[in-house]
Amino acid sequence: MSSMPTSLIPPTPSASDYADSGDRPLIPETADPIGLFQQWMAEARAAEPNDSNAMSLATVDADGNPDVRIVLLKGFDSAGFTFFTNLESAKGQHLTAHPSAALGFHWKSLRRQVRIRGSVTRVSDAETDAYFASRAAPSRISAIASDQSRPMANRAVFEQRIAELSTIYGDSPDIPRPDYWGGFRLTPIEIEFWQDQAFRMHDRLKLYRKGDGWVSLRLYP
């Protein structure tokens with residue numbers, strides 16, 4: 001088997017590369033991971049060129065095999081982290097059968113990561129309706145037309161569905177949310193903050209739930 005060209009892999013940073021990038025602050029001690037996440041998300045929104053709310057979502061299928069994809073975070077507070085999807089999609093079925101998941105944020109411009117694990121529950125119909133109504137009309141129509149994660153014999157069929165629905169609804173604010181489209185909220189049991197440091201001496205702060213509060217500990221990189 002031929003090896004992958006090494007020219008495709010960025011080289012390991014040199015001492016001068018690290019010196020040029022400067023020092024980065026250590027992660028502050030905190031007992032409020034949601035507050036720290038809010039701060040990091042605000043800084044990511046200012047620094048990232050697009051989709052600062054993009055996150056990896058890891059689930060498991062019926063056989064226990066892991067699956068991961070990028071989705072968009074649409075809300076967070078002390079109750080958890082919220083995202084929306086077609087409930088009949090692969091991730092929707094995985095989460096319904098196995099309501100636990102992991103999230104991963106990677107903000108390249110800040111050289112930061114956040115990892116989150118926890119249990120997952122469905123978002124209320126009222127909250128789902130409110131978010132669905134906030135989406136652009138073509139996005140709502142696309143959500144109705146898509147049999148997400150299922151085989152598509154011909155893209156023209158999908159485009160024809162969108163065209164037909166667009167003729168029916170146009171830019172109407174009353175495009176109905178389909179029953180198979182909804183939201184999930186991950187309630188965290190663990191949150192880990194990761195900050196890049198020179199020479200791979202990265203800083204890691206992990207917080208886990210204990211009673212009504214959080215306990216923090218530093219991890220070796």
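Helices and strands are runs assigned by DSSP, a strand having at least two residues, and they are numbered from the N terminus. The structure shown in these views is a predicted model.

**View 1. The loop between strand 7 and strand 8 holds F199 and R200.**
F199 has a positive phi of about 60°, although this residue is not a glycine. R200, likewise a residue other than glycine, has a positive phi near 65°. Are these two residues buried, partly exposed or exposed? F199 counts as partly exposed because its relative accessibility is 48%, a value that falls between the limits of 20% and 50%. R200 is also partly exposed, since its relative accessible area is 47%.

**View 2. The protein chain as a whole contains 6 helices and 9 strands.**
Along its principal axes, the C-alpha trace spans about 60 × 55 × 40 Å. Of the 221 residues in the chain, 35% are buried. Among contacts with a separation of 6 or more, 63% are between residues 24 or more positions apart. The accessible surface comes to about 13200 Å², and carbon and sulfur atoms account for 53% of this area. The chain carries 24 positive and 27 negative charges, and the mean positions of the two sets are 3 Å apart.

**View 3. Strand 5 (residues 100–107) has one covered face and one uncovered face.**
In a regular strand, the side chains alternate between the two faces of the sheet. In strand 5, the covered face consists of A101, L103, F105 and W107. The uncovered face consists of S100, A102, G104 and H106.

**View 4. Strand 5 pairs with strand 1 and with strand 6.**
Strand 1 (residues 54–60) runs antiparallel to strand 5, and 3 bridges join the two. At one position, S56 has G104 of strand 5 as its bridge partner. How many bridges link strand 5 to strand 6? There are 8 bridges between strand 5 and strand 6 (residues 112–122), and this pairing is also antiparallel. L103 has I116 of strand 6 as its bridge partner. Strand 5 and strand 6 form a hairpin with 4 residues between the strands, and in this hairpin R111 takes a positive phi near 55°.

**View 5. The largest nonpolar core contains 29 residues.**
Within this core, F37, F105, V114 and F193 touch the most other members. Two or more residues each are given by helix 2 (33–47), strand 1, strand 4 (80–86), strand 5, strand 6, strand 7 (181–195) and strand 8 (203–210). Which element supplies the largest share? Helix 2 does, with 6 residues. Apart from this core lies another one of 7 residues, including A137, I141, I144 and L165.

**View 6. F37 touches residues beyond four places away in sequence.**
Leaving out residues up to four places away, the contacts of F37 are L73, F76, F81, F105, W107, V114 and F193. Of these, F105, V114 and F193 are listed with F37 as the core members that touch the most others.

**View 7. H94 is placed in helix 3 (residues 90–97).**
H94 counts as buried because its relative accessibility is 12%, whereas the limit for a buried residue is 20%. When residues up to four places away in sequence are not counted, H94 touches T59, V60, D61, D67 and R69.

Technical notes: Residues numbered from 1 in each chain as written. Predicted model: local features only at pLDDT ≥ 70, side-chain atom pairs only at ≥ 80, totals over all residues. Heavy atoms only, no water. Buried < 20%, exposed > 50% of the residue type's maximum accessible area, 1.4 Å probe, protein only. Pairing = 2+ DSSP bridges. Contact = heavy atoms within 4.5 Å. Core = buried A, V, L, I, M, F, W, Y, C linked by side-chain atoms within 4.5 Å. Areas by Shrake-Rupley, 256 points an atom, 1.4 Å probe, with all protein chains shown as cover. Lys, Arg positive; Asp, Glu negative; His and termini not counted. Charge placed at Lys NZ, Arg CZ, Asp CG, Glu CD.
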